[in-house]
Amino acid sequence: YVTVGLGNHSKEAQKNFEAAIAESKEVIECHNVTGSYEYLLRVETHNLHAYKVFHMDVLGTVLEVATISTHVVMESSKDARN
């Protein structure tokens, strides 16, 4: 999971971010949330190297992105998707 904070909170900035994320095959879910960041993403990659590429080449190129925090799931004791 990745939390993303935007540097600008305008409607245009949100639309630009969402359009960029819609093009990313690694982003399985994108949620606009309340709290200290604007978005919660569920990202799936083959390995950490592939995540690094996504981090740099996708999130790192979206001008609206100000902060990125990555949360790696080590184990899921409950997952309704299974």
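With which residue does Arg42 form a salt bridge whose closest N and O atoms are 2.6 Å apart? In this predicted model, the partner is Glu44. The side chains of Arg42 and Glu44 are likewise joined by a polar contact of 2.6 Å. Glu44 has a relative accessible area of 43% and is therefore partly exposed, whereas Arg42, at 11%, is buried because its value falls under 20%.

A further salt bridge brings together the side chains of Arg42 and Glu29, at 2.5 Å from N to O. Arg42 belongs to strand β3 and Glu29 to strand β2, so this pair ties together parts that lie 13 residues apart in sequence. Glu29 is partly exposed, with a relative accessibility of 26%. Taken together, Glu29, Arg42 and Glu44 are linked in a network of salt bridges. The surroundings of Arg42 complete this picture: leaving aside residues up to four places away in sequence, Arg42 touches Tyr1, Glu26, Val27, Ile28, Glu29 and Arg81.

The salt bridge count comes to four, and another of these pairs is found at Glu26, whose side chain meets that of Lys25 at 3.0 Å, N to O. The two partners differ in their setting: Glu26 is buried at 16% relative accessible area, while Lys25 counts as exposed at 69%. The side chain of Glu26 also makes a polar contact of 2.8 Å with the side chain of Ser24. Ser24 sits in the loop between α1 and β2, the latter spanning residues 27-32. With a relative accessible area of 9%, Ser24 is buried, and its contacts, not counting residues up to four places away in sequence, are Phe54 and Val58.

Phe54 leads on to the nonpolar interior. The largest nonpolar core holds 15 residues, of which Val2, Val4, Phe17, Leu41, Val43, Phe54 and Leu59 touch the most other members. At least two residues of this core come from each of β1 (2-6), α1 (11-22), β3 (39-43) and α2 (48-57). Strand β3 is thus a useful place to look at both themes, because Arg42 lies in this strand and the strand also supplies residues to the core. Val43, one of the well-connected core members, touches Val2, Glu26, Val27, Tyr51 and Phe54 when residues up to four places away in sequence are set aside. Glu26 and Val27 thus appear among the contacts of Val43, and both also appear among those of Arg42.

Key. Residues numbered from 1 in each chain as written. Predicted model: local features only at pLDDT ≥ 70, side-chain atom pairs only at ≥ 80, totals over all residues. Heavy atoms only, no water. Core = buried A, V, L, I, M, F, W, Y, C linked by side-chain atoms within 4.5 Å. Buried < 20%, exposed > 50% of the residue type's maximum accessible area, 1.4 Å probe, protein only. Helix = DSSP H or I, 4+ residues; strand = E, 2+ residues; numbered from the N terminus. Contact = heavy atoms within 4.5 Å. Polar contact = N/O pair within 3.5 Å; in protein donor to acceptor, adjacent residues only side chain to side chain.
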